[in-house]
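This briefing is meant to be read with the sequence and the coordinates side by side. It moves from the chain as a whole to its helices, and then to a few single residues.

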Amino acid sequence: EVVSEGNDVAIIALGSFFGIGERVKEMLADSNINATLINPYFITGTDDELLESLKDNHKLVITIEDGVLDGGFGEKIARFYGDSNMKVLNFGLKKEFLDRYDVTEVLKDNHLTKEQIVEDVKSVL
């Protein structure tokens, strides 16, 4: 579902990380980047029609997922855009076993803080 429409950057934020996507959108707006925010209906497949339509006025699609990047939703999106001019950045967790961890440190170590994501988006645009 497209929560809000923008241009240049589309943020697809999944599950419990949708809130991070909302904050990233707000922080980008402070830099005059009006991003599209998407909360996908399903993550087992892709909404090809929506993804195709983003090519019209977006240069970058980012995925923020609350799961492991290897074999995850972001890889499906990157594969969809593989032979196009669309740039894709995927944010998620490294494949590792975590036991007794500090959530803030895990987010920082996996480049999942809103500040890190915004910095990466700006560097690509």
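Of the 125 residues in the protein, 38% are buried. The model is a predicted one, and every value below was computed from it. The chain folds into five helices and five strands, which follow one another from the N terminus in the order β-β-α-β-α-β-α-β-α-α.

**Overall dimensions and surface**
- The radius of gyration of the protein is 14 Å, which agrees with the value near 14 Å that a compact globule of 125 residues would have.
- Measured out along the principal axes, the C-alpha trace covers about 45 × 30 × 25 Å.
- Among contacts with a separation of 6 or more, 75% join residues that are 24 or more positions apart in the chain.
- The exposed surface of the protein comes to about 7,200 Å², and carbon and sulfur atoms contribute 46% of that area.
- Negative side chains number 24 and positive ones 13, while the centres of these two sets lie 4 Å apart.

**Helix 3 and its surroundings**
- Helix 3, which spans residues 73-80, has Phe 73, Gly 74 and Ile 77 as its buried residues.
- When helix 3 is viewed down its axis, these buried residues fall within an arc of 100°, so they line one face of the helix.
- The elements against which the buried residues of helix 3 pack are strand 2, helix 2 (48-54), strand 4 and strand 5.

**Helix 5 and its cover**
- In helix 5, made up of residues 114-124, the buried positions are Gln 116, Ile 117, Val 118 and Val 121.
- The cover over the buried residues of helix 5 includes three strands, namely strand 2 (8-13), strand 4 (58-68) and strand 5 (87-93), together with helix 1 (18-29) and helix 4 (103-109).

**Two residues in the strands**
- Thr 63 belongs to strand 4 and counts as buried, because its relative accessibility is 0%.
- Leaving out residues up to four places away in sequence, Thr 63 touches Ile 12, Gly 74, Ile 77, Leu 89, Asn 90 and Phe 91; of these, Gly 74 and Ile 77 are among the buried residues of helix 3.
- Val 88 lies in strand 5 and, with a relative accessibility of 22%, counts as partly exposed.
- Setting aside neighbours within four places in sequence, Val 88 is in contact with Leu 60, Val 61, Ile 77, Ala 78 and Tyr 81, and Ile 77 is also one of the residues that Thr 63 touches.
- Although 79 residues separate Val 88 from Val 9 in sequence, their C-alpha atoms are 9.7 Å apart in space.

**Backbone angles to check**
- Most residues other than glycine have a negative phi.
- Asp 8, which is not a glycine, nevertheless has a positive phi of about 70°; this residue lies in strand 2 and, at 27% relative accessibility, counts as partly exposed.
- Asn 32 likewise has a positive phi, near 60°, without being a glycine.
- The position of Asn 32 is in the loop between helix 1 and strand 3 (36-38), where Asn 32 is exposed with a relative accessible area of 76%.

Note on methods
Residues are numbered from 1 along each chain as its sequence is written. This is a predicted model: local features need pLDDT of at least 70, side-chain atom pairs count only at pLDDT 80 or more; totals for chains, interfaces and linings use all residues. Side-chain values use heavy atoms; hydrogens and water are left out. Buried means under 20% relative accessible area, exposed over 50%, partly exposed in between (1.4 Å probe, protein chains only). Helices (H or I, at least four residues) and strands (E, at least two) are DSSP runs, numbered from the N terminus. Contact means heavy atoms within 4.5 Å. The arc is that of the directions from the helix axis to the C-beta atoms. The radius of gyration is taken over C-alpha atoms; the globule rule is 2.2 Å times the number of residues to the power 0.38. Accessible areas come from the Shrake-Rupley method with a 1.4 Å probe; for residues, only the protein chains shown count as cover. Lys and Arg count as positive and Asp and Glu as negative; His and the chain ends are not counted. The place of a charge is taken as NZ of Lys, CZ of Arg, CG of Asp or CD of Glu.
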